[in-house]
Amino acid sequence: MYYSTSRGGRADMKYIVFILFTVMTNAAAQLMLKQGMMSLGPISFEGANPLVKLLQIVFSPWVFLGLCTFVISMASHLYVLSKVELSFAYPFLSLAYVAVAIFAYFVFREDLNGWRIAGIAFICVGTVLIAQSGRGHEEETASLSSDRIHSETVR
């Protein structure tokens, strides 16, 4: 495996800051894209060259800033993936849904009803469970390895 540290456990937890940076830049990008699309108004390709219209959208200030922020988020995510297991890192990206819902409520005055709050709570609980699943794995793996080495030595 290409990991510089043992898989799972505390080794994964030390990258949590980078994982949360990825989450927050992902959420920020979504908010910027929304702001950009609100400033452009409803999109119609009627009577317009689709390529020109697409370029107008992409290069509008908020949309362009949002896309650039996505690039930063992806670079951070690639760094994280080079250090920890995908099955540990990827589920944390669901926290971007939580951040977007909360910020959209405050910034865009979007609805945050009981169903959405319940969904957010489930996402948070699931993420905590996934984070906890990494703890202790390092010690378990080390113990199994030393047991195997010991049993091979005894033979």
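**Exercise 1. Decide whether Ala-28 is buried, partly exposed or exposed.**

Step 1: Look at the relative accessible area of Ala-28, which is 25%.
Step 2: Compare it with the cut-offs: buried means under 20%, exposed over 50%, and partly exposed in between, with a 1.4 Å probe and protein chains only.
Step 3: Ala-28 is therefore partly exposed.
Step 4: Place the residue: Ala-28 is found in helix α2, residues 16-40. Helices here are DSSP runs (H or I, at least four residues), as strands are (E, at least two), numbered from the N terminus.

A word on the model: it is predicted, so local features need pLDDT of at least 70 and side-chain atom pairs count only at pLDDT 80 or more, while totals for chains, interfaces and linings use all residues. Residues are numbered from 1 along each chain as its sequence is written, and side-chain values use heavy atoms, with hydrogens and water left out.

**Exercise 2. Work out how α2 is oriented against helix α4 (residues 61-81).**

Step 1: Take the angle and the distance: α2 and α4 pack at about 165°, with axes 8 Å apart. Axes are lines fitted to C-alpha atoms, for helices over the stretch in contact, and angles run from 0 to 180 degrees between N-to-C directions.
Step 2: Apply the classes: under 35 degrees is roughly parallel, over 145 roughly antiparallel, 65 to 115 roughly perpendicular, and the rest oblique.
Step 3: The angle makes α2 roughly antiparallel to α4.
Step 4: Sort the contact by class: it has 16 nonpolar, 11 polar and no charged residues. Ala, Val, Leu, Ile, Met, Phe, Trp, Tyr, Cys and Pro count as nonpolar, Asp, Glu, Lys and Arg as charged, and the others, Gly among them, as polar.

**Exercise 3. Do the same for α2 and helix α6 (residues 95-107).**

Step 1: The two axes come within 9 Å and cross at roughly 45°.
Step 2: α2 and α6 are therefore oblique to each other.
Step 3: Find the partners, where contact means heavy atoms within 4.5 Å. Among the residues that meet are Leu-20, Val-23 and Met-24 in α2, and Ala-99, Val-100 and Phe-103 in α6.
Step 4: By class, this contact has 11 nonpolar, two polar and no charged residues.

**Exercise 4. List the contacts of Ile-19.**

Step 1: Set aside its neighbours within four places in sequence.
Step 2: What remains for Ile-19 is Val-80, Phe-88, Ala-89 and Phe-92.
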